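Subject: Structure for your review

Dear colleague,

Please find below the structure that I am handing over to you. My findings on its sheets follow directly after it.

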Amino acid sequence: MQDILIKNVRVIDGTGAPWFHGEVFVKDGKIAVVAKKVEATASRVIDGQGLVLAPGFIDSHSHSDTNWFLDPRGESKIRQGVTTEVTGQCGESGAPKRLDDQDAGQTEAAQGDAKMPTWSSFDEYLTALSRNGVGVNLATLVGHGTVRIAGMGYDDRRPTPDEMARMKEYMKEAMEAGAFGFSSGLIYPPSAYASTDELVELAKVVASYGGIYATHMRNEELALLQSVNEAIEIGHRAGIPVHISHHKACDKRAWGQVKQSLAMIDEARRHGVDVTADQYPYVATATGLSAIIPSWAHDGGPKALLARLKDPEVGAALKSKVELDQGDDGWYRLMITDVKSEKNKACEGKRMTEIAAMWGIPPVEAAWRLLCEEELEVGYVRFAMCEDDVKTVMKHPCVMIGSDASARAIDGPLSTGSPHPRAFGTFPRVLGKYCREEGLFPLETAVYKMTGLPAWRLGLWDRGLVRPGMAADLVLFDPDKVIDTATFENPKQYPVGIECVIVNGEVVIENGQHTGAIAGKVLRRGRSE
Ligand SMILES: [Zn+2]
């Protein structure tokens with residue numbers, strides 16, 4: 001590995017402290033010296049031309065999970081300056097899986113792919129990722145939904161004592177393998193079928209290892225505040241740090257309530273419950289279209305759900321409920337991003353109302369046709385939030401940045417569909433739009449929310465800062481130019497202004513080009529590499 005001396009840069013160190021003119025010397029994958037002038041010779045010198053050198057960004061909320069097996073470059077992330085991501089979010093992780101249920105818990109992109117290795121335990125999953133190679137460092141959470149599937153299937157009921165014991169054992173195994181905590185996805189069955197008590201019991205196991213609890217809460221609409229309450233209650237009762245994922249208010253009638261939810265976080269912290277949150281900088285959400293179907297209809301798993309959608313009586317009842325939920329303009333706010341089959345490709349990038357018009361049927365029927373024909377594998381974005389709320393949340397001192405997206409690319413196996421632009425633009429958008437153009441906070445604060453803060457949240461004590469001894473994850477960017485270019489209409493575009501990205505001491509992006517280096521590590525909690 002080459003020594004690297006980076007000169008002529010403004011260092012923003014990730015703590016939130018003001019920038020300074022300095023030089024950074026990288027040796028053996030670590031930051032060896034940080035000084036005004038470094039007295040060392042290096043085999044490689046990078047002239048930073050007065051740009052900003054910051055710690056590599058930590059994507060505190062990622063869904064790449066098994067995408068790394070399809071394309072280990074992870075270009076949509078690395079080109080934003082992301083050098084570490086936290087996967088296993090929203091209740092879904094790559095493991096544990098029962099050997100007889102190899103499809104469970106995998107991302108849609110990876111399902112059925114011949115190149116996929118098989119694994120069962122969390123440890124085997126992390127080992128498979130390591131063997132495969134990962135473009136950025138990975139810190140993983142174990143998903144509550146994934147654990148529930150492995151422990152008791154897709155059923156809408158409480159676990160028996162035996163099943164509960166099994167789920168605890170899976171949590172324990174994952175934590176011992178090096179997970180950083182667990183996540184829940186309380187709108188997604190079967191995670192949604194869990195009671196608060198079930199989550200508290202499992203959280204206690206994770207807390208005993210020093211892990212965190214990240215939650216996609218039960219409701220981000222009219223019951224937003226009750227959901228924040230539940231998250232805080234779990235933190236309090238289990239003695240575990242709580243991290244609220246992609247914090248937002250998703251219903252026009254709930255807009256503005258983030259002021260109260262953030263005040264609840266402050267209040268909880270005053271009382272000793274360690275609560276934080278992350279956010280992506282957009283006014284639209286993205287998930288699978290089956291999320292519009294009430295959770296009771298998912299009982300028994302995807303096959304059972306499909307049968308209910310197709311059943312004349314149950315299907316009709318579901319349609320009227322879904323129609324009611326969408327309200328006046330719900331179908332217009334919903335844009336299809338990904339479908340599995342060639343036959344419906346024309347729907348990608350179109351609003352549900354446009355698709356309905358194209359087919360000459362009501363939107364609810366069009367949604368049904370897509371769900372049934374694509375066997376539930378339909379992705380969508382929903383324009384559900386407001387700009388004021390996005391800014392209010394972003395400014396809060398306990399909120400960090402997370403893309404809520406998986407790694408994508410403009411070519412190769414990860415270039416399918418028309419994904420939410422957050423996959424390509426999250427970090428440059430915060431730096432360019434919200435920090436530089438809108439002046440929401442100083443650049444040092446923006447960087448802190450992408451580096452020091454998430455590293456602290458996870459207990460990644462050797463990353464997230466420009467300090468001697470830290471892993472050499474670094475990003476050189478132009479603070480006057482950095483910006484996202486991905487849009488909802490044309491999402492697959494890399495950002496501009498990210499000039500150089502270094503992962504574990506290896507240059508991965510240079511002059512806007514990928515060097516081919518796959519330099520990430522699979523991180524395991526409490527273990528140094
Ligand atoms: Zn989520």
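In this predicted model, three strands make up an open sheet, arranged in the order E14-E16-E15 with antiparallel pairing. Strand E14 covers residues 284-288 and strand E15 covers 334-339; both stand at the edges with a single partner strand each, so each has one side left without a neighbour in the sheet. From one strand to the next, the twist averages 20 degrees.

The pairing of E15 can be followed further. Its partner is strand E16, residues 378-383, and the two are joined in the antiparallel sense over five bridges. Within this pair, Val339 stands opposite Val378 of E16.

There is also an open sheet of six strands, in which the pairing is parallel and the order is E9-E10-E11-E12-E13-E17. Here the edge positions belong to strand E9 (142-143) and strand E17 (399-401); each has a single partner strand, so one side of each lacks a neighbour in the sheet. E9 runs parallel to strand E10, residues 181-185, and two bridges join them. Val142 has Phe182 in E10 as its bridge partner.

Which helix packs on this six-stranded sheet? It is helix H6, formed by residues 224-238, and it touches strand E11 (212-216), strand E12 (242-244) and strand E13 (275-279). The direction of H6 makes about 160 degrees with that of E12.

When you open the model, I would suggest following the strands in the order given above.

Yours sincerely,
A colleague

Definitions and conventions:
Residues are numbered from 1 along each chain as its sequence is written. This is a predicted model: local features need pLDDT of at least 70, side-chain atom pairs count only at pLDDT 80 or more; totals for chains, interfaces and linings use all residues. Two strands pair if DSSP finds at least two bridges between them. Helices (H or I, at least four residues) and strands (E, at least two) are DSSP runs, numbered from the N terminus. Axes are lines fitted to C-alpha atoms, for helices over the stretch in contact, and angles run from 0 to 180 degrees between N-to-C directions. Two residues are in contact if their C-beta atoms, placed from the backbone, lie within 7 Å.
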